[in-house]
Amino acid sequence: MQTEKYNKLISVSKDLKDNNSCTVLAGCVAFNLDYEQGYRLLEKYSHRIKGKGLTVSECWRGYNSINKFLGFKNKFDIRRMYREEIKELADNKTMTVSNCTNYLNPRKSYIVFVNGHAVGVKDNIVHDWTQGRRHRVEHIFEVTDTQRRAKAKKKEKVFNMGGFGGILDTL
């Protein structure tokens, strides 16, 4: 099942006759960009040509420049995960597009690479046509929105002194 967000992005890609745009789409999902911004980011920093795909290394170069591209100092932190770390994260099981949300942090966004394809994951939802499929995850770019993280309030632990604890206090 494709999400509304993915359908909007793929619609723009088709209107522009831009094939092989999965890396643009995945970046748009992870960084909350519109299609034009995602396209320009990879065109400028990864030298993407319309209709041509990118390698994982080319994507890394482009996505690593997101803060510079958007004019922020440190809005996004990006971390690259390789096969061994992915396997460890998945409890030594095979991580696939269909089960990756079981292992990934729902507060972060991800660009997940499978063989010849990139997938955007945000808010624990796979935004791609491969959702529910068993394509093996080979690389992951973990994206942390530092401004979103700073806005999240820490919860205080409050202990209720009713029940058994309250009885003990009265003795």
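W129 lies in the loop that runs between strand β4 (125-127) and strand β5 (139-145). The model is a predicted one, and the description below starts from this residue before turning to a pair of helices.

The relative accessible area of W129 is 34%. Buried would require a value under 20% and exposed a value over 50%, so W129 counts as partly exposed.

Which residues does W129 touch, leaving aside those up to four places away in sequence? They are Q2, Y6, H117 and H135. With H117 there is also a polar contact: the side chains of W129 and H117 are joined at 3.4 Å. The chain also brings W129 and N7 together in space, with their C-alpha atoms separated by 9.3 Å although the two residues are 122 residues apart along the chain.

Y6, one of the residues touched by W129, also takes part in a helix contact. On the α1 side this contact involves K5, Y6, L9 and I10, and on the α2 side L25, C28 and V29. Sorted by class, the residues of the contact between α1 and α2 are 6 nonpolar, no polar and 1 charged.

The geometry of the helix pair comes next. Two packed helices are described by the angle between their axes and by the distance between those axes. Helix α1 covers residues 4-15 and helix α2 residues 22-31; their axes come within 10 Å and cross at roughly 135°. An angle over 145 degrees would count as roughly antiparallel, and one of 65 to 115 as roughly perpendicular; α1 and α2 are therefore oblique to each other. The crossing of α1 and α2 is of the right-handed kind.

Note on methods
Residues numbered from 1 in each chain as written. Predicted model: local features only at pLDDT ≥ 70, side-chain atom pairs only at ≥ 80, totals over all residues. Heavy atoms only, no water. Axes fitted to C-alpha atoms, helices over the stretch in contact; angles between N-to-C directions. Helix = DSSP H or I, 4+ residues; strand = E, 2+ residues; numbered from the N terminus. Parallel < 35°, antiparallel > 145°, perpendicular 65-115°, else oblique. Left-handed = near helix turned anticlockwise from the far one by under 90°. Contact = heavy atoms within 4.5 Å. Nonpolar A, V, L, I, M, F, W, Y, C, P; charged D, E, K, R; others polar. Buried < 20%, exposed > 50% of the residue type's maximum accessible area, 1.4 Å probe, protein only. Polar contact = N/O pair within 3.5 Å; in protein donor to acceptor, adjacent residues only side chain to side chain.
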